[in-house]
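Thanks for sharing this one. Here are a few friendly notes on the cysteines and on one helix, to read with the structure in view.

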Amino acid sequence: MENKKTQAEMRAYALDVAKSCVCADRNRQYGEPEDNFRIIGDLWGRYIAEACIELQDGGGCRVHIRPLDVANLMVLFKVGRAATAICQKPDTYIDIAGYAACAAGMIDGEGETE
């Protein structure tokens with residue numbers, strides 16, 4: 001019979017793995033998260049600013065993030081990560097290709113989102 005973990009044990013396991021990633025593995029691969037997040041934030045900010053629809057009352061803008069936008073933002077996330085990577089990894093570019101393929105699947109032959 002399988003030894004099933006409790007929810008608390010699963011949370012502890014997830015936190016242990018996350019701690020390993022954010023305190024060691026990812027830093028060795030991509031540098032400090034703050035540097036990486038700054039680049040990603042700049043990329044996302046520019047992208048989202050283009051998606052901004054100004055409100056007629058002059059009270060700012062409304063931003064609607066579509067599934068296609070999420071795919072594009074994830075590509076930018078990976079580009080930002082590649083920009084700070086200590087050592088380039090093929091997985092980064094495979095992920096970019098995967099997100100781009102998902103985006104391509106969301107548009108029809110005329111270039112419009114479905």
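1. A word on exposure before the cysteines: buried means under 20% relative accessible area, exposed over 50%, and partly exposed in between, using a 1.4 Å probe and protein chains only. By that scale C102, at 44% relative accessibility, is partly exposed, while C87 is exposed at 52%.

2. Please keep in mind that this is a predicted model, where local features need pLDDT of at least 70, side-chain atom pairs count only at pLDDT 80 or more, and totals for chains, interfaces and linings use all residues. Residues are numbered from 1 along each chain as its sequence is written, and side-chain values use heavy atoms, with hydrogens and water left out.

3. Searching the whole structure turns up one disulfide (a pair of cysteine sulfur atoms within 2.5 Å). The partners are C52 and C61, with an S to S distance of 2.0 Å. C52 is partly exposed at 27% relative accessible area, and C61 is partly exposed at 36%.

4. Now to helix α4, residues 90–105 (helices are DSSP runs of H or I, at least four residues, numbered from the N terminus). Its 16 residues should span 22 Å at 1.5 Å a residue, and the end C-alpha atoms lie 23 Å apart, which agrees. The expected span is 1.5 Å times one less than the number of residues.

5. Which residues of α4 are buried? They are T92, I96 and A103. Seen down the axis of α4, these buried residues fall within an arc of 40°, so they line one face of the helix; the arc is that of the directions from the helix axis to the C-beta atoms. The face turned away from the buried side of α4 carries the exposed residues P90, I94 and G105.

Conventions:
Helix = DSSP H or I, 4+ residues; strand = E, 2+ residues; numbered from the N terminus.
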